[in-house]
Amino acid sequence: MDIQRRNNVTVTGNPQGRTVVLAHGFGCDQNMWRLTVPALVEDYRVVLFDYVGSGRSDLSAFSETRYASLAGYAQDVVDVCDVLDLRGAAFVGHSVSAMIGVLAAQMAPDRIGALVMVAPSPRYIDDEGYRGGFSSQDIEELLGSLESNYLGWSAAMAPVIMGNAERPELGEELTNSFCATDPAMARVFARTTFLSDSRQDLKKVSVPTLVLDCTQDAIAPREVGAFVHQAIPGSTLITLDTTGHCPHMSAPEATNQAINGFLAGLR
């Protein structure tokens with residue numbers, strides 16, 4: 001299969017620079033990085049893609065069995081890295097993609113040499129000694145609402161996820177992105193995302209890692225960012241002075257500055 005067509009792969013930027021792979025979160029696509037790409041293309045080769053089931057990917061390649069675990073999405077990342085023969089790429093993952101990147105780096109350690117985790121969460125459900133931000137009942141209700149009325153759920157939840165109520169256009173954009181995603185495939189990705197527990201995988205990260213969280217985030221509270229930072233040996237934590245779960249869209253300047261500063265420090 002043509003992986004580049006399957007995952008709608010786009011390559012831009014400086015062909016002589018280190019490769020930076022930008023990976024979108026649930027309900028999104030590569031277009032969500034459009035405010036980040038201009039800050040990278042002068043110095044870096046930038047790779048964008050859509051997970052199967054998202055954006056302009058080949059929907060016929062979707063498999064509920066494969067994508068019922070984060071490993072299936074991580075395999076998408078590895079496949080893209082393989083077809084482009086990437087070596088030591090910096091992987092920038094938003095939300096659930098931060099954990100997908102952790103798994104991909106384990107699966108293909110020669111392909112991924114650094115991680116940037118934007119608003120990550122290894123587990124959304126609270127556990128003993130761990131605050132993920134949601135109870136089991138919260139998540140079951142969220143998934144039940146999503147599965148019974150995906151478009152209604154998208155219209156209600158996207159503005160909450162985005163935050164920044166004084167800028168409703170941001171919430172509208174995320175709503176439109178959610179609504180453009182096939183509901184059946186979105187249901188699978190949502191279940192995989194919100195029921196995942198990747199806490200043990202964090203301890204296995206051995207590449208330079210930047211963790212970016214926000215001062216207020218309804219999906220990944222600051223305790224989660226601190227947990228991820230503490231779990232990954234040698235990682236750097238930067239808390240962006242912004243609200244919402246999508247700082248690359250709501251506060252692109254601060255997000256880009258943090259990413260560029262981290263990338264500049266890599267060997």
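Let us start with one residue of this predicted model. Arg191 touches Glu140, Leu143 and Glu147, leaving out residues up to four places away in sequence. Arg191 belongs to helix H7, and with a relative accessibility of 31% Arg191 counts as partly exposed. Its distance to Ala68 shows how a chain folds back on itself: the two are 123 residues apart in sequence, while their C-alpha atoms are 7.6 Å apart in space.

Now compare a residue in a loop. Is Ser54 buried or exposed? Ser54 is buried, because its relative accessible area is 3% and buried means under 20%. You can find Ser54 in the loop between strand E3 and helix H2 (70-83). Not counting residues up to four places away in sequence, Ser54 touches His24, Cys28, Leu59 and Phe189.

**The sheet**

Next, look for the strands. Seven of them form an open sheet with mixed pairing, and their order is E1-E3-E2-E4-E5-E6-E7. Which strands stand at the edges? They are E1 (10-13) and E7 (236-243); each has a single partner strand, so one side of each is left without a neighbour in the sheet. On average, neighbouring strands of this sheet are turned by 20° against each other, with direction ignored.

Three of the pairings are set out here, each with a pair of residues to look for.

| Strands | Sense | Bridges | Residues that face each other |
|---|---|---|---|
| E2 (residues 19-23) and E3 (residues 45-48) | parallel | four | Val20 and Val46 |
| E2 and E4 | parallel | four | Val21 and Phe91 |
| E4 and E5 (residues 112-118) | parallel | six | Gly93 and Met117 |

Strand E4 (residues 89-94) deserves a second look. Six of its six residues are buried, so E4 is largely enclosed by the rest of the structure. In a regular strand, side chains alternate between the two faces of the sheet. You can follow this along E4: Ala89, Phe91 and Gly93 point one way, while Ala90, Val92 and His94 point the other way.

**The nonpolar cores**

How many residues does the largest nonpolar core have? It has 71, and those with the most contacts inside it are Phe26, Tyr51, Val77, Met117, Leu174 and Phe178. Helix H3 (residues 96-107) gives this core its largest share, eight residues. Another core, of 21 residues, lies apart from it, and among its members are Val20, Val118, Leu210 and Leu266.

Tyr51 is a good residue to click on in the largest core. Leaving aside neighbours within four places in sequence, its contacts include Asn7, Ala23, His24, Tyr73, Val77, Phe91, Ile100 and Phe189.

**The empty spaces**

Finally, turn to the gaps. Rolling a probe the size of a water molecule over the atoms shows where empty space is left. This structure holds two cavities of 30 Å³ or more, and the largest has a volume of about 120 Å³. Which residues are closest to its centre? Of the 14 residues that line the largest cavity, these are Phe26, Ser95, Ile161, Phe178 and His245. Helix H6 (168-179) and helix H7 (183-194) each supply at least two residues of this lining. Helix H7 is also where we began, with Arg191.

Key. Residues are numbered from 1 along each chain as its sequence is written. This is a predicted model: local features need pLDDT of at least 70, side-chain atom pairs count only at pLDDT 80 or more; totals for chains, interfaces and linings use all residues. Side-chain values use heavy atoms; hydrogens and water are left out. A nonpolar core is a set of buried Ala, Val, Leu, Ile, Met, Phe, Trp, Tyr and Cys residues joined through side-chain atoms within 4.5 Å. Buried means under 20% relative accessible area, exposed over 50%, partly exposed in between (1.4 Å probe, protein chains only). Contact means heavy atoms within 4.5 Å. Two strands pair if DSSP finds at least two bridges between them. Axes are lines fitted to C-alpha atoms, for helices over the stretch in contact, and angles run from 0 to 180 degrees between N-to-C directions. On a 1 Å grid over the protein atoms alone, a cavity is a set of points where a 1.4 Å probe fits but cannot get out, and a pocket is an open set with protein on both sides within 12 Å along at least five of seven lines; lining residues have an atom within 4 Å of a point. Grid points are joined across faces, edges and corners, and a volume is the space filled by probe spheres set on the points.
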